[in-house]
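Work through these exercises with the structure open beside you. Try each task before you read its solution.

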Amino acid sequence: MENIHILKFFADYIEAELGIIYVEANYFQLEHRLKDIAVQLGFTDLKALYHTASMGISGQMKSLLLDLATNNETSFFRDASIFKALSEFIVPDLIKNGDKSVINIWSAASSSGQEVYSIAMELDQARLTNFSIPLCRMLASDVSDTILKRAEAGMYSQLEVQRGLPSKLMLQYFDKGETDKWMVKPLLKNNITFRKINLLHYWGGIGLFDIVFCRNVLIYQSVENKIKIIKEIVNHLNPGGFLLLGAAESLFGLSHDFEQLVHGGAVFYRKK
Amino acid sequence: MTKKLKILSVDDSKSIHAYLQQCLEPITEKIEHVYNGVEAVERLKNDLDAFDLIILDWEMPLKDGPTTFKELKELGLKTPVMMLSSKSRPEDIMQMLEQGVAEYMMKPFTQDIVLDKISQVIN
């Protein structure tokens, strides 16, 4: 690989900004994506992109570099058992004392929005049989401007809208546009706020939450960064609040602030 | 899904049959293909419980999907049916869900979509 020092430069930058580690075995993928960025920004080749980047990375280049590193592969109701646990165990657990008028939920790596809209759909469906579920306010955040704008727009291709979403819910919560785009209905967006947040940087006054979804984030991080992120989440969780991680992630060796719970095959954590 | 499934695919397109065969290989014990609604009714009328799932195309020669579905229900079919179609108007999808199809899949689709939808139907 002739551009190895260039690839290392960008890999180091991405690791410093996002904590996401590109090992050399994945440099071919990084090279492919960087070449796309070079074309988008009007550079003749990767060396020209590097030449400019080495003098400082900002603006659109920074935005594109951060986009390329985040894995935005997602679907509605990804790991469906988590959403059942949310409506059947977690929310009832939070309201069992009867003094909760609002539940605050944070989708910390919301990607293109499928997770936060799945949460909203699950809770809306659960209200059909559980009338005690209070207002749920949601914050959806992501490190990428581009992907966050997509989440806020709530517009999905025909393939995207079919991923994980039963047809019945698709018809109930989405409108079909003139092209083959499906748009989230306003009622589902009512209580969702979108905000750019880098989990490795200062989170700035986002408040306290009862439930934090932080799925498929830790898996890309070093142990130090995992501990740092979890510690900050602990600080932003109400006592008895819940943390939900990705199916391949756990808190083992990272925190003693939670008890692990299981419901319907879903594993999640409650703050002690 | 632990048990491997027996699936009947009803579609006039050989390429759809081939693609479904490839997509469903991980979850199927067998996948049988017929090419229109007449063949589907003929295959099932004396053997209604032969399959775990039927994937039924909407637009076919001789007998289309909705007519086939109606006839099969009248014969007493209990097997879940997933409608497959390039029709993507909400009213078309709603019409078939109201008539009792278990799920509706729009073309084009990918392997992860079809596997996910089958998982929703079977579980």
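Strands are DSSP runs of E with at least two residues, numbered from the N terminus. The model used here is predicted.

**Exercise 1. Place B:Asp57 in its chain, then decide whether B:Asp57 is buried or exposed.**

Step 1. Find the element. B:Asp57 belongs to strand S3 of chain B, which covers residues 53-57.

Step 2. Apply the cut-off. Buried means under 20% relative accessible area. B:Asp57 has a relative accessibility of 3%, so B:Asp57 counts as buried.

Step 3. List the residues that B:Asp57 touches, leaving out those up to four places away in sequence. They are B:Val10, B:Asp11, B:Asp12, B:Gly65, B:Met83, B:Leu84, B:Ser85 and B:Lys107.

**Exercise 2. Describe the build of chain A: how many helices and strands are there in chain A?**

Step 1. Count the elements. Chain A has eleven helices and ten strands.

Step 2. Test the compactness. The radius of gyration of chain A is 20 Å, and the globule rule gives 19 Å for 272 residues. The two values are close, so chain A is as compact as a globular protein of that length.

Step 3. Add the box. Along the principal axes, the C-alpha atoms of chain A fill roughly 60 × 50 × 30 Å.

Step 4. Look inside. Of the 272 residues in chain A, 53% are buried.

Step 5. Look at the contacts. Take those in chain A with a separation of 6 or more: 72% of them join residues 24 or more positions apart.

**Exercise 3. Find what covers the buried residues of helix H4 of chain A.**

Step 1. Name the buried residues. Helix H4 spans residues 59-69 of chain A, and its buried residues are A:Met61, A:Leu64, A:Leu65, A:Leu66, A:Asp67, A:Leu68 and A:Ala69.

Step 2. Name the cover. It includes four helices of chain A: H1 (4-18), H2 (27-40), H3 (46-53) and H7 (145-153).

**Exercise 4. Which residues have the most contacts inside the largest nonpolar core?**

Step 1. Pick out the residues. The core has 68 residues, and those with the most contacts inside it are A:Ile105, A:Tyr117, A:Met121, A:Leu165, A:Phe174, A:Ile211 and A:Phe213.

Step 2. Find the top contributor. Helix H5 of chain A (residues 80-95) gives the most to this core, with eight residues.

Step 3. Follow A:Leu165. Beyond its neighbours within four places in sequence, A:Leu165 is in contact with residues including A:Met121 and A:Phe174, and also B:Asp116, B:Lys117 and B:Gln120.

Step 4. Look for another core. One of 25 residues lies apart from the largest, and A:Ile20, A:Ile37, A:Ile57 and A:Leu68 are among its members.

Conventions: Residues are numbered from 1 along each chain as its sequence is written. Chains are lettered from A and ligands numbered from 1 in the order in which they are written. This is a predicted model: local features need pLDDT of at least 70, side-chain atom pairs count only at pLDDT 80 or more; totals for chains, interfaces and linings use all residues. Side-chain values use heavy atoms; hydrogens and water are left out. The radius of gyration is taken over C-alpha atoms; the globule rule is 2.2 Å times the number of residues to the power 0.38. Buried means under 20% relative accessible area, exposed over 50%, partly exposed in between (1.4 Å probe, protein chains only). Contact means heavy atoms within 4.5 Å. A nonpolar core is a set of buried Ala, Val, Leu, Ile, Met, Phe, Trp, Tyr and Cys residues joined through side-chain atoms within 4.5 Å.
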